[in-house]
2 protein chains.
Amino acid sequence: MAVNRRQDILNAATQSFSLFGYKATTMDQVAKLASVGKGTIYTFFANKEELFNEIITKLIADMQQKATGVIVPGEKFQDNVHHALVEMLDFRRDHQLMIKLIQEQRDIGTPIVNNVLDKVEESILTFIRDKIEIAIQRGEIKKCDPDIFAYIILVTYISLIFDWEKSREPLSKEEIAEIFQTYIFNGLSLR
Amino acid sequence: MAVNRRQDILNAATQSFSLFGYKATTMDQVAKLASVGKGTIYTFFANKEELFNEIITKLIADMQQKATGVIVPGEKFQDNVHHALVEMLDFRRDHQLMIKLIQEQRDIGTPIVNNVLDKVEESILTFIRDKIEIAIQRGEIKKCDPDIFAYIILVTYISLIFDWEKSREPLSKEEIAEIFQTYIFNGLSLR
DNA sequence: AACTGACCAAATGGCCACTTTGGTCACTCA
DNA sequence: TGAGTGACCAAAGTGGCCATTTGGTCAGTT
């Protein structure tokens with residue numbers, strides 16, 4: 001033991017954040033879980049927020065990787081974006097830490113958690129924007145403002161996946177893909 | 001005086017709700033403003049919530065009327081929907097009572113206020129859905145699910161008008177109309 | 001030199017007396 | 001005599017106080 005204390009701390013913190021959220025995780029708790037004196041944490045991380053940020057950076061990287069993993073180079077832009085978005089939103093919905101943070105944002109509104117979730121959204125937007133830019137360059141879709149288009153795509157996906165079902169029958173992934181094809185992509189495809 | 005006590009009460013309550021919100025308006029307050037004994041309110045309205053509901057029903061009717069007012073029978077479906085939506089969202093943004101209620105939902109989350117704002121959203125959705133159904137019947141746009149399409153339109157408008165500018169340059173009404181034309185309606189128009 | 005945990009100021013949470021509020025109803029008086 | 005009233009009530013909400021907890025430090029140990 002005692003070789004990778006830094007990683008031990010990260011693991012312990014991830015576990016605790018996932019289980020209790022940001023606010024309800026105490027540095028004592030993390031220290032105990034990592035079998036480390038509390039002071040040791042502060043030799044690796046300036047404060048609780050930085051420890052948290054490092055974990056989130058890793059989480060975003062994981063998410064991006066998963067999304068990249070379902071991109072098939074030859075396939076249609078629409079299908080690739082759909083798969084990547086479903087992958088990222090599934091991640092957001094199923095990942096234990098993510099779930100806790102979204103709960104915490106809703107119930108308490110911890111500012112640091114808000115920031116972090118904004119960062120996650122921003123990273124999804126960037127991902128889609130890149131795909132849009134590539135698709136435009138390749139002539140797969142009409143020229144358009146990638147920022148706005150990425151924003152519209154994300155907002156629509158989120159509302160269809162998370163908000164629609166608050167008062168209606170949930171939609172399957174296939175239905176969502178079809179809806180998207182019909183309502184949005186049609187207008188941008190070259191024919 | 002003393003001929004239209006019911007209306008006096010409604011006026012007083014509207015004034016107070018607009019000024020202080022639902023929670024911070026007391027029945028004593030309303031009674032005093034209406035120059036009426038508190039008990040009298042309860043001969044016309046079962047309770048505070050019903051008094052509130054009656055006011056909101058009126059407000060929704062006003063909003064619908066404004067929206068209907070900008071509909072020009074001969075004009076294109078897209079333009080009519082755009083004008084009606086901008087009208088309703090402007091109403092939502094500028095109407096004193098509406099402003100207070102949205103604030104209250106955000107800051108306190110009074111359940112009754114949440115319900116009422118859901119009702120407002122529902123009424124906007126119904127309005128758009130009707131226009132879509134008519135447009136389909138007339139062959140102005142492709143066949144599609146009016147519920148889903150209305151939902152997508154509303155969500156996109158709201159996010160472009162209210163959320164987009166939280167971290168970016170706000171968009172003008174003309175820009176929004178154009179964005180909508182480009183990204184969404186294009187796919188549904190017959191050609 | 002790496003690590004620890006007792007220690008500290010500041011923030012938080014629990015408790016409880018006190019106030020406010022929606023709603024009632026015995027009474028007034030036109 | 002019935003429409004109108006406002007003192008009254010239970011219940012919910014508020015505020016202030018004090019004990020506890022928490023992020024962060026640092027003198028001391030290994």
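Start by colouring domain 1 of chain A and domain 2 of chain A separately: their centres, taken over C-alpha atoms, are 30 Å apart. To make the selections, use residues 5-45 for domain 1 and 52-188 for domain 2, as the domain assignment of chain A gives them. Keep in mind as you go that this is a predicted model.

Next, look at where the two domains meet. Domain 1 of chain A brings 12 residues to the contact, and domain 2 of chain A also brings 12 residues. Together they bury about 1,000 Å², with carbon and sulfur atoms giving 71% of that area.

Now select Phe17(A), Ser18(A) and Tyr22(A) and show their side chains. These residues supply 53% of the area that domain 1 of chain A buries against domain 2 of chain A, more than any other three residues.

Stay at this boundary for the polar features. One salt bridge is counted between the two domains of chain A. Select Arg6(A) and Glu54(A), whose side chains meet in a salt bridge at 2.3 Å, N to O. Three residue pairs are in polar contact between domain 1 and domain 2 of chain A. On the side of domain 1 that touches domain 2, you will find seven nonpolar, three polar and two charged residues.

For the last stop, move to chain B and select helix 8, residues 146-163, which holds Thr156(B). Is Thr156(B) buried or exposed? Thr156(B) has a relative accessible area of 1%, under the 20% cut-off, so it counts as buried. Show its neighbours too: leaving aside residues up to four places away in sequence, Thr156(B) touches Ile152(A) and Thr156(A) in chain A, and Phe180(B) and Ile184(B) in chain B.

Definitions and conventions. Residues are numbered from 1 along each chain as its sequence is written. Chains are lettered from A and ligands numbered from 1 in the order in which they are written. This is a predicted model: local features need pLDDT of at least 70, side-chain atom pairs count only at pLDDT 80 or more; totals for chains, interfaces and linings use all residues. Side-chain values use heavy atoms; hydrogens and water are left out. Domain bounds come from an automatic or database domain assignment. Contact means heavy atoms within 4.5 Å. Buried area is the accessible area (1.4 Å probe) that two parts lose on being put together, summed over both. A salt bridge is a side-chain nitrogen of Lys or Arg within 4 Å of a carboxyl oxygen of Asp or Glu. A polar contact is a pair of N or O atoms within 3.5 Å; within protein, one must be able to donate a hydrogen and the other to accept it, and residues adjacent in sequence count only if both atoms are side-chain atoms. Ala, Val, Leu, Ile, Met, Phe, Trp, Tyr, Cys and Pro count as nonpolar, Asp, Glu, Lys and Arg as charged, and the others, Gly among them, as polar. Helices (H or I, at least four residues) and strands (E, at least two) are DSSP runs, numbered from the N terminus. Buried means under 20% relative accessible area, exposed over 50%, partly exposed in between (1.4 Å probe, protein chains only).
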